[in-house]
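Please open the model in your viewer and keep the selection tool at hand, as this tour goes from one selection to the next and says what can be found at each stop.

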Amino acid sequence: MRILIIGCGSIGSVLAKAVHDMPEVDRLYVTDMSADYARHLVDSLEKAEYVSGKSELLCKVLTEVDLAVEAASQEAARRYVPFVLENGVDVMVMSVGVFTDDQFRERCFTLAKKHRSRIYMPSGAICGTDGLRAAASAGISEVHLTTRKGPKGLKGAPGLAMRGIDVDSLTEATVVFEGTARDAAIQFPKNLNVAATVSLLGVGFDKTRVTIICDPATERNSHTLTVKGDFGELRSETQNVPSPINPATSYLAALSAIAAIRRILGNVWIGV
């Protein structure tokens, strides 16, 4: 298999190193807004090659790859995901929050169907998505996601500016957002991809409730998922170690992408 990774940040760099060591992968292409950063990454990876993000160059690469992975940002997802699908290539999307936009989501899903491509969305930084997926086969009455992060993990989010909240001045755990998953993903675009994933699996963006807590005493990014429905009740709590490169991102998010690629490459799927 040949893979293109878009983005060399906290997720993309970890993913590139892991994919490079998979014997099923014989070629790896990497692109990033920072050419220097991408080149530095591929210098240590024998099977990897840097490619410019220009459309004409990516078109050539897309004729050679089996899978493209977006691991950059919602802006990058908007630019590259439709482009990849139009070229008939499967794509893995890490910035799942981009699908909060109903029109964009429908466009991508339609392109995938038209060009017989697949869109993969790993579970990311949360556990319990397998149970939620199964529960959605019957009736679900409630889905609630509670996210707790330290100031570094939330700093700079548009949702904080909207409320005039300075996370550096907080001295105790404070609820900084309560509302729908749609609003959470828009107001905290770099923090709440899990809200989008949960919404797509369950009851949608407008019925999924989200609470975000900024806790100056915590060093973990935690997500608690509660689901109630015909099946009973599910509660899953994940205490994530933040990425050393980007405290807003959990290490588990990168690991989920690695696991997803191994699953795609394999012939046996467990827990589907």
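Begin by colouring the two domains of this predicted model separately: domain 1 is made of residues 2-124 together with 253-265, while domain 2 covers residues 129-243. If you place a marker at the C-alpha centre of each domain, the markers for domain 1 and domain 2 will lie 25 Å apart.

Next, turn to the place where the two domains meet, and select the residues on either side that are in contact, which are 13 residues of domain 1 and 11 residues of domain 2. The area buried between domain 1 and domain 2 is about 950 Å², and carbon and sulfur atoms give 56% of that area. Across this interface there are 5 residue pairs in polar contact, and the count of salt bridges between the two domains is 1.

For a salt bridge that you can inspect atom by atom, select Asp102 and Arg182 and show their side chains, which meet at 3.3 Å, taken from N to O.

Now hide the polar atoms and look at the interior. In soluble globular proteins, nonpolar side chains tend to be buried together. Which residues touch the most other members of the largest nonpolar core? Select Ile3, Leu28, Met92, Phe188, Leu192, Val210 and Ile261, for these hold that place among the 58 residues of the core. Helix H11, residues 251-265, supplies the largest share of this core, with 7 residues, and both domain 1 and domain 2 contribute at least three residues each.

Stay with one of these residues, Val210, and display its surroundings, leaving aside the neighbours within four places in sequence. Among the residues in contact with Val210 are His144, Leu145, Phe177, Glu178 and Gly179, and the list also includes Thr180, Ala181, Ala184, Leu192 and Ala195. A second core, separate from the one just visited, has 28 residues, and you can find it by selecting Val51, Leu62, Val91 and Ala196, which are included in it.

The last stop is Ile165, which sits in the loop between helix H8 (158-163) and strand E8 (174-180). Is Ile165 buried, partly exposed or exposed? Its relative accessibility is 23%, and therefore Ile165 counts as partly exposed, since buried would require a value under 20%. Once residues up to four places away in sequence are set aside, Ile165 touches Leu160 and Val176. Finally, draw a distance from the C-alpha atom of Ile165 to that of Lys155, 10 residues away along the chain, and the viewer should give 9.6 Å.

Definitions and conventions: Residues are numbered from 1 along each chain as its sequence is written. This is a predicted model: local features need pLDDT of at least 70, side-chain atom pairs count only at pLDDT 80 or more; totals for chains, interfaces and linings use all residues. Side-chain values use heavy atoms; hydrogens and water are left out. A nonpolar core is a set of buried Ala, Val, Leu, Ile, Met, Phe, Trp, Tyr and Cys residues joined through side-chain atoms within 4.5 Å. Buried means under 20% relative accessible area, exposed over 50%, partly exposed in between (1.4 Å probe, protein chains only). Helices (H or I, at least four residues) and strands (E, at least two) are DSSP runs, numbered from the N terminus. Domain bounds come from an automatic or database domain assignment. Contact means heavy atoms within 4.5 Å. Buried area is the accessible area (1.4 Å probe) that two parts lose on being put together, summed over both. A salt bridge is a side-chain nitrogen of Lys or Arg within 4 Å of a carboxyl oxygen of Asp or Glu. A polar contact is a pair of N or O atoms within 3.5 Å; within protein, one must be able to donate a hydrogen and the other to accept it, and residues adjacent in sequence count only if both atoms are side-chain atoms.
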